[in-house]
Amino acid sequence: MSTSPAQNTPLRLGLAGLGTVGIGVVKIVQDHADVIAARTGRAVQITAVSARDRTRNRDADLSAYAWESDPTALARRDDVDVFVEVMGGHEGAAYDATLAAIAAGKDVVTANKALLAHHGQALALAAESAGRVIRFEAAVAGGIPVIKALTEGLAGNQIRRVMGVMNGTCNYILTRMQSAGLPYETVFEEARQLGYLEADPNLDVGGIDAGHKLSLLAAIAFGTQVAFDAVELEGIGAISIDDIRLAEDMGYKIKLLGVAQMSGRGLEQRMTPCLVPSTSPLGQLVGGTNMVVLEGDRVGQIVMRGAGAGAGPTASAVMGDVIDIARGLRLPTFGQAAATLRTPIPATSATAAAHYLRMTLLDKPGALAKIATALGEAGVSIDQMRQYSHEGSEATVLIVTHKATRADINAAVARFAPTGVMVGAPVVLRIEEV
Ligand code: NAP
Ligand code: HSE
């Protein structure tokens, strides 16, 4: 791949999507035209735009731009050099128009993690065989330049592990439950009122949105094809205020944490609620902010924190990509040629970790011993055990295990029900070393 000096001709953008991110892009292009031209040596202009509803008031002056109701037609226009896709969705318009843009010889900048999580490899192959680039900084952790860090600044490292809190809505919900002592359902509703939730809230609270992002980081970090289907996904819906309090009591915070690492058994990708030490940078992350932690063999650990969503931060990332293209920087989509990306062998939670188990037991002689025996029979050793409040004939018991794989933990949990002392199902959370 090459870097060529920026030409004097303007770089012309076709902007598909005039929602939160699209209008954020319009505002940067309009407000920062001089500084962008100074930094790239050429003007960056929007020539044409597309959205569904032409009559909508969008709080921006769009009068200088041609209108296309069909984003695919926009992608093919002769006066467009870069197709900026900020519509969303992984099928239909976004996919069709992106392919059309590549076929028409345009570079692509997108904020669409779902599109790349589902079609990243095919799109990267198509772009690279057409000599075009696809950039997607805005798709992962909004304004945090994590793709740039992995593909450029850390390119001389073997990446050991990538971790992150990459869904601001989930972090808002979990930290608000903790600080206000409110139950999940109440804070979920609050998040809805504040407009934090995606149209399909399960994308947020089910971990899917953050799982999309993790799969993209893993591809770059480990030189593997995007494997979103292999991400172990668990949302935050089962986390109770009791778990948050008990975790805090032991010096931990609960986060929806993404972890990707390559072990001898293959590629582990998890987006699950985890306990992290309260004193760690991840443990101290509050509200809707994102944090990405990168670990390289030579650089050690790097922590990046910032806004993961919103018009300004997301458009900032889109424009970082546009400016790279204006400057002539042309990198492969996932940091190395798409044809050289390996098919990953999925290894679900192969790395052992301590686990937190909260359970309700019948408060009768021998109950705890039966649970301890079930753990022992599955080869899981107990590190800490506490018994909390009695409610009638039931008691809350908290167990922290020594390191064990999730498979061993699951084997132990499968032995709990036949003991006849367990009320309901236990809550099982991994304790991640960060
Ligand atoms: P949004 O506010 O819902 O805006 C989507 C825009 O796309 C709207 O202008 C809509 O037109 C247009 N659109 C949708 N389908 C279309 C179609 N078939 N043809 C033409 N236009 C179409 O979405 P957003 O929040 O800006 O998000 C855009 C993308 O950025 C998504 O991929 C999202 O995941 C990603 N992203 C967003 C954020 C964030 O903070 N919002 C952060 C990171 C990444 P109308 O306005 O006429 O309906
Ligand atoms: N729903 C996402 C979040 C928006 O809460 O972080 C940015 O991808």
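In this predicted model, a polar side-chain atom of asparagine 167 is placed 3.5 Å from an oxygen atom of ligand 2. Two further side chains make polar contacts with ligand 2. For lysine 113, a polar side-chain atom lies 2.6 Å from an oxygen atom of the ligand, while for aspartate 204 the partner is a nitrogen atom of ligand 2, at 2.7 Å. Ligand 2 taken alone exposes 260 Å², of which the protein buries 87%.

The surroundings of ligand 2 consist of Lys113, Asn167, Gly168, Thr169, Glu198, Asp204, Asp209, Lys213, Gly308 and Ala309. By class, this shell comprises 5 charged residues, 4 polar residues and 1 nonpolar residue. At least two residues of the shell come from helix H7 (168-180), and at least two from helix H10 (208-222).

Ligand 1 is surrounded by 23 residues, the closest of which are Leu18, Val21, Asp53, Arg58 and Gly310. The shell of ligand 1 divides into 10 nonpolar, 8 polar and 5 charged residues. Backbone atoms take part in the polar contacts: a backbone N or O atom of leucine 18 lies 2.8 Å from an oxygen atom of ligand 1, and a backbone N or O atom of glycine 19 lies 3.1 Å from an oxygen atom of this ligand. Lysine 113 contributes through its side chain, with a polar atom 3.0 Å from an oxygen atom of ligand 1. Taken alone, ligand 1 exposes 900 Å², and 79% of that area is buried by the protein. Lysine 113 thus has side-chain polar contacts with ligand 1 and with ligand 2.

The model also contains an open sheet of 6 strands with parallel pairing, arranged in the order S3-S2-S1-S4-S5-S6. Strand S3 (66-67) and strand S6 (134-135) form the edges; each has a single partner strand, and therefore one side of each is left without a neighbour in the sheet. In general, strands of a sheet pair through backbone hydrogen bonds, in either a parallel or an antiparallel manner. At the S6 edge, strand S5 (residues 107-110) runs parallel to S6 and is joined to S6 by 2 bridges. Valine 108 has isoleucine 134 of S6 as its bridge partner. Helix H12 (residues 311-327) packs on the sheet, where the helix touches strand S1 (11-16), strand S2 (44-50), strand S4 (82-85), S5 and S6. The direction of H12 makes about 160 degrees with that of S5.

Conventions. Residues are numbered from 1 along each chain as its sequence is written. Chains are lettered from A and ligands numbered from 1 in the order in which they are written. This is a predicted model: local features need pLDDT of at least 70, side-chain atom pairs count only at pLDDT 80 or more; totals for chains, interfaces and linings use all residues. Side-chain values use heavy atoms; hydrogens and water are left out. Two strands pair if DSSP finds at least two bridges between them. Helices (H or I, at least four residues) and strands (E, at least two) are DSSP runs, numbered from the N terminus. Contact means heavy atoms within 4.5 Å. Axes are lines fitted to C-alpha atoms, for helices over the stretch in contact, and angles run from 0 to 180 degrees between N-to-C directions. A residue is near a molecule or strand if one of its heavy atoms lies within 4 Å of it. A polar contact is a pair of N or O atoms within 3.5 Å; within protein, one must be able to donate a hydrogen and the other to accept it, and residues adjacent in sequence count only if both atoms are side-chain atoms. Accessible areas come from the Shrake-Rupley method with a 1.4 Å probe; for residues, only the protein chains shown count as cover. Ala, Val, Leu, Ile, Met, Phe, Trp, Tyr, Cys and Pro count as nonpolar, Asp, Glu, Lys and Arg as charged, and the others, Gly among them, as polar.
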